[in-house]
Each structure stands twice: as C-alpha cells, then as structure tokens.
Amino acid sequence: MHKLRIAAVALTCLAMAQPAVAAPKRGQPAVELDPNSVGTVSGTGIEMRDIIGMADRIVRDLLQRPDIANAPKPPRIILEGSRIANKSSQRLDTDMLSDQLRSQLLRAAAGRMRFLSRENIQDVMAERELKREGQTDVGTSGMTRAPAGADYRLVGRITSQDARNNTTGAQQRAMQVVFELIDLETSETVYISEPYVIVRAQRDDVIYR
Amino acid sequence: MRNLMLPLVAALLVSSAGAALAQTAAAPAAAAVSDPVADKAALKAREKQLREWRSQYGEGPYPNEIDAFLQDKPDRLKPYWRALFVGGERNSVLNFERLGLAAIESGDWSVAEKAFDAALLRIETVYGKNAQAEAARSLFRKESNKDYKGEPYERAMAYYYRGLLYLRRNDYDNARASFKGGEFQDTVSEAEEFKSDFAALNFLIGWSSKCAGDNAEPDFAAAAAAQPGLVAPPANHNILLIAELGHGPAKAQDGAQKEKVVFVPATGFPEAKAMFMLAPEKGERITVEPMQASSVFFQATTRGGRAMDGILNGKANWKTGTQAVGNTAMMTGLALMNNSSGYGNSASAGAAIAIGGALFSAFSSTMKADADIRYWDTLPDNIVIGTAAAKMRFKATAAFAGSDGPVDLAPREVTPFAGEKCTLVWTRSRPIEGMEDTPGDDLKVRASLARDKKLAEKNRLFRASLADFVTIASKD
C-alpha cells in the first residue's frame with residue numbers, strides 16, 4: 001500500500017511537470033496547400049485566398065454584363081497593376097491582383113473581352129519599327145495602322161483602417177478593395193465591383209505589448 | 001555548473017578561432033603537398049570534433065562555420081552578417097535591422113530591402129502559442145528568452161527604413177504602407193494618453209501620397225500637429241531631404257531585481273541641425289535647412305510603459321518577497337540556535353527555521369526578473385526633414401551644426417535617388433558603427449538556449465535559410 005502511494009505521488013509529480021503547451025514540432029518539409037484555404041500562416045491583411053476570391057467575383061460580375069461580355073464587338077480593356085492604388089497599410093504587390101484578374105478574365109471570357117498591354121508598349125513599338133524598317137518580316141498576322149486603342153480601363157483601390165485595443169493588445173485591420181471599369185472615351189464608370197471587405201483581428205503575446 | 005561551463009565554451013570558441021586562423025595561415029603550404037588520404041582523415045577528425053562540441057556545448061556555430069559563411073560577404077557588412085549568423089533566429093529581427101541599415105549606408109540596396117522585409121515579416125508574426133514566449137513570462141526564466149521584436153520605436157524605425165527604400169524605387173504606395181505600419185507601431189502603449197506622435201512618419205505618409213498624386217493634406221496636418229514647424233511642402237517641391245543626426249539611445253536594466261528597462265541617451269555628438277546644399281547642373285545652388293521631425297530618444301521614452309513591465313514587476317516582487325522571507329527566517333533560526341546554547345527544542349526549531357530560510361533564499365535566487373535590453377545600436381537620435389524643388393540633376397552635400405555653430409564633421413556627399421516624380425536625398429551625420437555581436441544580448445541565456453535541441457534545430461534551419469537569402473538578395 002505504501003509503495004502504491006509513493007507511485008501515485010510520483011506519477012502526479014510527473015504529470016505536473018509536463019509542459020502546459022505541446023512543444024512545437026521540430027520542422028516540416030514543404031507541403032502543398034490549397035491557395036483558397038486559410039493556410040498555416042495567416043495575418044490580418046489580404047492573402048492569396050482573398051486575391052483569388054475577389055478576382056473570381058469580378059469575373060462573374062463582368063461576364064453577366066451583356067453590354068461588356070456580349071457586345072457586338074469585344075471591348076478592349078487595359079488592366080494593369082500600376083493602376084491598382086494601394087492606399088492601405090499593407091505592403092502589397094498589386095501585380096498579384098492584376099495578374100490574377102487578367103488571367104481569370106482572359107480565360108473565362110474566351111474572346112468576348114480583349115485585353116491590351118500598355119506595360120509592354122515599348123516592346124510593341126520597337127517590334128513595329130523593326131517590321132516597318134524591313135529588319136524583320138511582317139509576322140503572320142500582318143500589320144495595323146496603329147496599336148490598338150482601348151475602350152475601358154479597369155482600375156482599383158485598396159484602402160484600410162487599423163485599430164488597436166491597448167488593454168487587450170488586440171489588433172484589427174479592415175481592408176476594402178473596389179474595382180471600377182472606366183470608359184476611356186466618356187470617363188463614365190460603367191461597372192463598379194461590390195466592395196471586397198475583410199475585417200480580421202489578432203492578438204500578439206503579452207511579451208510584445 | 002552551467003556558470004562554470006560558460007568560460008569553457010568561450011575559451012573553446014577562442015581556441016578554435018585560433019585554430020581556424022592557424023589553419024588559414026597554413027593552407028598555402030599544405031596545398032602544395034596535398035595528400036587526399038590525410039585530407040579525408042583530417043576532415044573526418046574535424047567532423048568528429050564538431051559532433052563532440054555540439055553534444056557538449058550545443059549547436060554553435062563554431063568559428064570555422066562562421067568563417068565559411070562570411071567568406072563572400074563584403075568587409076563593410078561583415079560585422080552585421082556575423083551577428084546575424086551567430087545570433088540565430090532569436091535575435092534575427094534585430095540583426096536583420098542592423099544589417100539592413102548598414103546596407104543602406106553602403107548602397108547594397110537589394111540586401112537592405114530583403115533584410116528589412118525579413119525583419120518586418122517577423123515583427124508582423126503573431127505569437128500565439130510559443131514556447132519561448134511562455135519561457136519569457138515564466139518566473140524562472142529571463143525575458144530575453146523571447147524572440148526579439150524590439151520596442152515600438154525600434155519596430156517603427158524598421159518600417160521607416162523600409163519605406164525609404166520603397167521611395168527610392170518610386171513605389172509610393174508601398175512606401176506609404178510602410179510608413180503607416182510604423183505609425184501603427186507607435187500606437188502600442190499601455191496608457192491611453194500616449195498616442196501616435198511620430199511626426200516624421202506622418203510627414204512621410206503625406207510625402208508618399210503627394211508623390212503618388214493623392215491627397216496628402218491630412219497627413220501633413222498630422223505631422224504639423226505632432227511637431228510644430230514640420231509644415232506641408234509647397235506644391236512644386238519634388239525633392240525630399242532627410243538627415244539623421246547623432247546616435248540613438250541604449251537600453252539598460254534598472255530596479256532592485258534588474259526588472260526595469262531604462263533608455264540611456266547617447267552622448268558625444270553636438271550636431272542638432274543639418275544643412276543641405278544642392279548644386280544643379282545649371283543655375284544657382286539651393287540651400288535647405290531641414291526641419292526637426294522626430295527624436296528617436298523621445299519616441300523611446302514616451303510610450304508609457306509596456307504590458308511586459310507588469311509581468312516583470314510581478315516577478316521582481318515575488319523574488320524580493322521570497323528573498324526577504326528567506327533572509328528573515330535564516331536570521332531568526334540562527335538567533336534561536338545561538339540563544340539556546342546548542343541543545344534542546346529551541347536549537348532544533350532554530351535549525352529547522354534556518355534551513356527553511358536557506359531553502360526560501362535558494363528558491364528566490366532561481367527567479368529571473370531581468371528585463372530584456374537587446375537594442376538597435378545603429379539608430380540615429382534625430383531625424384530632420386526638408387524639401388526642395390529642382391527640375392534637373394543635382395549634386396547634394398550636407399553639413400551639420402550644433403548650438404555653438406558648425407560641427408567639425410566632413411560635409412557628406414549624398415547620392416540623390418532621382419525618381420519619376422520625386423527624388424530622395426538621405427544622409428547621416430555619423431557613419432554607422434555597429435557592434436560585432438547582438439547588442440545587449442544576455443550571453444548566459446544564449447549559451448543556455450544553445451543547448452536546447454529544439455531551438456538548435458530552429459537555428460540550424462535559420463542559418464540554412466540565410467544562404468537562400470544571400471542568393472535572392474544578390475540577384476538584384
């Protein structure tokens with residue numbers, strides 16, 4: 001009986017000596033994650049799942065617009081990262097947004113919308129000059145009088161509002177992304193996306209507050 | 001026992017450093033008569049020795065590993081790369097910041113950008129359940145067990161430098177985001193009355209907005225409210241002139257149990273003003289006296305306390321209390337023993353009380369209330385900001401003055417970073433001279449953590465990742 005008591009006390013002591021929180025695993029080789037999922041590391045800002053999500057919404061919106069997606073002549077649109085203004089407090093490469101959006105739109109529209117590249121206009125002009133100087137042949141699609149003009153430009157704006165509760169240490173960031181399709185002849189906004197809003201909060205350990 | 005081990009480890013590192021040097025010196029002679037079998041044996045012996053050191057003293061790194069890592073690094077950045085490599089993940093934010101700032105000064109832009117990105121990535125990481133964070137809160141472990149993120153003023157300065165690097169690349173949106181991130185750090189405060197007053201960041205948010213073609217008035221107004229005189233620039237100004245003066249504060253421990261962090265202002269630099277001279281290719285020279293924007297020392301000392309201070313105070317109170325109880329019990333017990341002429345119940349009771357007191361004192365001595373005083377040693381004291389207008393390329397120099405007139409510092413030639421819309425001119429009154437090791441690090445804590453297998457693995461991965469970091473940074 002005495003030995004049993006000693007064993008019980010020893011077991012209790014051992015149990016109490018266990019760390020309260022499980023120790024982190026030693027390491028992990030790279031794993032494939034679903035880009036639409038939250039992922040193993042997430043914060044309060046825009047993440048890949050948001051970029052895919054907002055691009056998906058805009059593609060659906062635009063494809064449902066007969067004046068854009070079913071126009072007699074496919075409209076020409078300029079969509080570039082440099083015209084997505086990041087006014088938020090998150091450092092962000094806006095090319096991620098524009099590339100995702102252009103890629104999804106181009107593939108889903110299947111020719112019902114056409115996209116023009118102004119980012120590569122210098123390359124276009126240089127190639128046109130080579131063709132016209134006879135340095136190269138005219139290519140397979142022939143020559144045009146001038147580079148294509150655009151009907152619309154898709155522009156965007158990212159804004160944010162940060163808040164902090166210094167009593168609890170909680171930080172909250174609200175971010176809003178809005179896209180607009182601007183008629184480059186009339187300046188009219190022919191489409192505006194439903195604001196993509198995320199509000200996320202987190203709290204760091206007290207040792208960093 | 002652990003205390004005895006530390007000098008041993010230090011001696012071992014010094015002796016192996018000597019051995020490494022001796023190996024380097026002997027290398028040319030050995031190369032002439034290279035024997036593959038002997039080389040292989042020597043390599044095996046070396047690996048065996050390293051294994052033994054690792055099992056006895058921890059992961060390292062050991063001098064030959066440090067030398068190999070530093071081999072291809074430029075001399076001007078070697079101290080910072082060294083500190084980063086040796087300091088490991090726990091000190092990485094601080095050492096990335098120091099490396100980044102030194103890289104700005106030396107014009108290693110890509111290294112600077114990647115270093116500040118790496119620091120900010122870690123600053124923005126939220127520590128939910130983290131063993132080291134728990135250790136830092138523990139009654140029996142020092143605060144410096146935690147991964148360093150720095151005090152809010154240090155974090156804000158990391159965002160400030162990242163923002164300047166974005167401005168240099170004409171990426172005004174991300175510059176603004178960085179400065180906003182810095183301003184947000186400045187709102188971390190225990191007391192409600194301490195709110196963001198980092199005027200330089202407000203001004204730079206405004207400047208980024210101005211360069212991006214956005215409305216900058218609210219941010220310039222916020223800057224002027226926080227620092228009277230720091231007014232909005234005229235609409236035609238396209239040159240931003242920033243001078244950083246003197247040295248930033250150091251941290252020191254204070255309080256009976258070293259539980260308080262105090263900020264010690266740096267001394268020995270009289271400069272309080274700067275003057276920029278811009279010499280355009282054609283036309284008259286432009287002289288600009290920048291406005292006082294922010295004092296780093298002021299930012300360090302006006303945040304109104306940390307939440308962590310409460311924990312450290314609690315630890316210190318426990319330690320002081322148990323120490324007092326232990327001492328009193330020991331004194332009482334010894335007095336009882338003395339008064340009972342060595343025999344009887346009183347003597348036995350006295351002995352028991354004295355032993356109990358000794359145990360209490362021993363228990364008290366295991367409590368660690370020491371505040372973490374790792375600090376960014378290469379920060380400036382003052383930031384002054386000016387603006388100007390110029391339509392052509394120019395050469396810029398800066399001179400410095402104190403309250404008694406010009407300071408005997410050589411005028412510094414500054415390379416302007418001409419942008420599409422805006423130009424940035426940045427300089428410091430004093431060159432960056434950082435320490436070779438992580439400033440303020442507790443070497444006992446470091447030695448103790450080096451023997452922790454999980455942390456050793458984390459550091460091994462961190463050091464391996466530095467190789468990728470160097471490759472990416474060198475591609476620009």
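How many bridges join β3(A) to β4(A), and do these strands run parallel or antiparallel? The views below come from a predicted model, and the first of them takes up this question.

**View 1. Strands β3(A) and β4(A) are paired by 14 bridges and run antiparallel.** The two strands form a hairpin with four residues between them. In the turn of this hairpin, G169(A) has a positive phi of about 80°. Farther along the pair, R153(A) has I182(A) in β4(A) as its bridge partner. In a regular strand the side chains alternate between the two faces of the sheet.

**View 2. Strand β1(A) and strand β3(A) run parallel and are joined by six bridges.** β1(A) covers residues 76-86 of chain A, and β3(A) covers residues 152-165. I78(A) is bridged to R153(A) in β3(A). R153(A) also appears in View 1, where I182(A) of β4(A) is its partner. The residue can therefore be followed from β1(A) to β4(A) in the bridge pattern, as the strand assignment defines it.

**View 3. The hairpin of β4(A) and β5(A) has five residues between its strands.** Three bridges join these strands, which run antiparallel. I182(A) stands opposite T189(A) in β5(A). The loop between β4 (170-183) and β5 (189-192) of chain A holds S187(A). Phi of S187(A) is near 75°, a positive value in a residue other than glycine. Is S187(A) buried or exposed? S187(A) has 7 C-beta neighbours inside 10 Å and therefore counts as exposed, the cut-off for this class being 12 or fewer.

**View 4. Helix α5(A) is hardly covered.** The helix runs over residues 121-132 of chain A. Among its 12 residues the count of buried residues is zero. At 1.5 Å a residue, these 12 residues should span 16 Å, and the end C-alpha atoms are 16 Å apart, which agrees. Just after the helix, G134(A) takes a positive phi of about 80°.

**View 5. Chain A contains a stretch of low confidence at residues 11-24.** The mean pLDDT of chain A is 85, and 85% of its residues reach 70 or more. Over residues 11-24, by contrast, the pLDDT is below 50. Beyond near neighbours in sequence, this stretch has seven contacts in the model.

**View 6. The largest nonpolar core has 91 residues.** Which residues have the most contacts inside this core? They are F203(B) and V425(B). The largest share of the core, 11 residues, comes from α8(B). Not counting residues up to four places away in sequence, F203(B) touches F220(B), A223(B), L230(B), A293(B) and I385(B). A second, separate core has 27 residues, including L79(A), L92(A), M113(A) and L154(A). In soluble globular proteins, nonpolar side chains tend to be buried together.

**View 7. L164(B) lies in helix α8(B).** The helix covers residues 152-168 of chain B. L164(B) counts as buried because 21 C-beta neighbours lie inside 10 Å, where 20 or more are required. Leaving aside neighbours within four places in sequence, L164(B) is in contact with L424(B) and W426(B). L164(B) and L204(B) are 40 residues apart in sequence, with their C-alpha atoms 8.8 Å apart in space.

**View 8. N170(B) is found in the loop between α8 and α9 of chain B.** Helix α9 covers residues 172-185. N170(B) has a positive phi of about 60° although it is not a glycine. With 17 C-beta neighbours inside 10 Å, N170(B) counts as partly exposed.

**View 9. L121(B) is found in helix α6(B), residues 109-123.** Because 14 other C-beta atoms lie within 10 Å, L121(B) is partly exposed. L121(B) and V93(B) are 28 residues apart in sequence, and their C-alpha atoms are 8.9 Å apart in space.

**View 10. Chain B has 16 helices and 12 strands.** Of the 476 residues in this chain, 43% are buried. Among contacts in chain B with a separation of 6 or more, 72% are between residues 24 or more positions apart.

Conventions
Residues are numbered from 1 along each chain as its sequence is written. Chains are lettered from A and ligands numbered from 1 in the order in which they are written. The expected span of a helix is 1.5 Å times one less than its number of residues. pLDDT is the predictor's confidence in each residue, from 0 to 100. Two residues are in contact if their C-beta atoms, placed from the backbone, lie within 7 Å. A nonpolar core is a set of buried Ala, Val, Leu, Ile, Met, Phe, Trp, Tyr and Cys residues joined through C-beta atoms within 7 Å. Two strands pair if DSSP finds at least two bridges between them.
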